[in-house]
Amino acid sequence: MTGALILDFGGVVTRTLFETHAVTEKALGLAAGTLNWQGPFDTSTDPLWVSMQNRDITERDYWLTRAKEVGALVGEDWNDMQTFVRRARGADADLVLRPEARDAILKTKEAGLKLAILSNELDLFYGVEFRKRFPLIELFDVIVDATYTKILKPDPRSYGLVLAELDLPKEACVFVDDQKKNIEGADAVGLPNVHFDVTQPAAGYARALAMLGL
């Protein structure tokens, strides 16, 4: 059996920052309920997220704004996502791994298929040290990170880069991403895909594995 599961990182492999508000508040000494923007979990609480989904701002713009807001709550000036992630989630990389992602990664590897990450900002947001100690990261055959390539999804070249490194035809792969624009990019190049709903992670992974015959 040949093939590959190609995963976006933030939101797909990791739990979103929306899902870990309580952890963030505890880590930063903020009162419970201080962080009330819920992104896709409740768009009525988050007009900035709606703007991002409407493509009025970029995903990087969204998270930089949130980083600055949260930094201000603790009296600090945060101008990058690495600071936000490090302070919000500390050193426990296990805390942010989706259990559904863990299961799918292990199942894919056990079946002899390849694993890849295709991210727009893996090291930009999480930092090199966090990525190095992230659970199961050693199981990935390929990591293509626009932090370094400077080619962001949905640019067709980004999908070409990961397919070239995997040395597999696109028909043998399944790409999973939670952002509609990136799924549209995959559709444009004919890469089989799953539009991942972060509110229903088990369903997204089940579909992706089924498409790979697992």
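I begin with a network of salt bridges that links D8, K153 and D177. The model in front of you is predicted. Within that network, D177 and K153 pair directly, with the closest N and O atoms 2.8 Å apart. This pair connects distant parts of the chain: D177 belongs to strand 4, residues 173-177, while K153 sits in the loop between helix 8 (146-149) and helix 9 (156-166), 24 residues apart. Are these two residues buried or exposed? Both D177 and K153 are buried.

I turn next to the other charged pairs. The total comes to 13 salt bridges. One of them joins K109 to D141, where the closest N and O atoms are 3.1 Å apart. Here too distant parts of the chain are linked, since K109 lies in helix 5 (residues 99-110) and D141 in the loop between helix 7 (128-132) and strand 3 (142-145), 32 residues apart. K109 is partly exposed at 29% relative accessibility, and D141 is partly exposed at 41%.

The side chains of R66 and E69 form a further salt bridge, at 2.7 Å from N to O. Because they are three residues apart in helix 3 (residues 59-73), about one helical turn separates R66 from E69. R66 counts as buried, at 7% relative accessibility, whereas E69 is partly exposed at 35%.

Finally, the nonpolar cores. The largest nonpolar core has 49 residues, and L7, W63, F84, F134 and V176 touch the most other members. Leaving aside residues up to four places away in sequence, F134 touches F9, V13, T14, A93, V96 and L97. Apart from this core lies another, of 16 residues, including V142, V144, L168 and L191.

Terms used:
Residues numbered from 1 in each chain as written. Predicted model: local features only at pLDDT ≥ 70, side-chain atom pairs only at ≥ 80, totals over all residues. Heavy atoms only, no water. Core = buried A, V, L, I, M, F, W, Y, C linked by side-chain atoms within 4.5 Å. Buried < 20%, exposed > 50% of the residue type's maximum accessible area, 1.4 Å probe, protein only. Contact = heavy atoms within 4.5 Å. Salt bridge = Lys/Arg side-chain N within 4 Å of Asp/Glu carboxyl O. Helix = DSSP H or I, 4+ residues; strand = E, 2+ residues; numbered from the N terminus.
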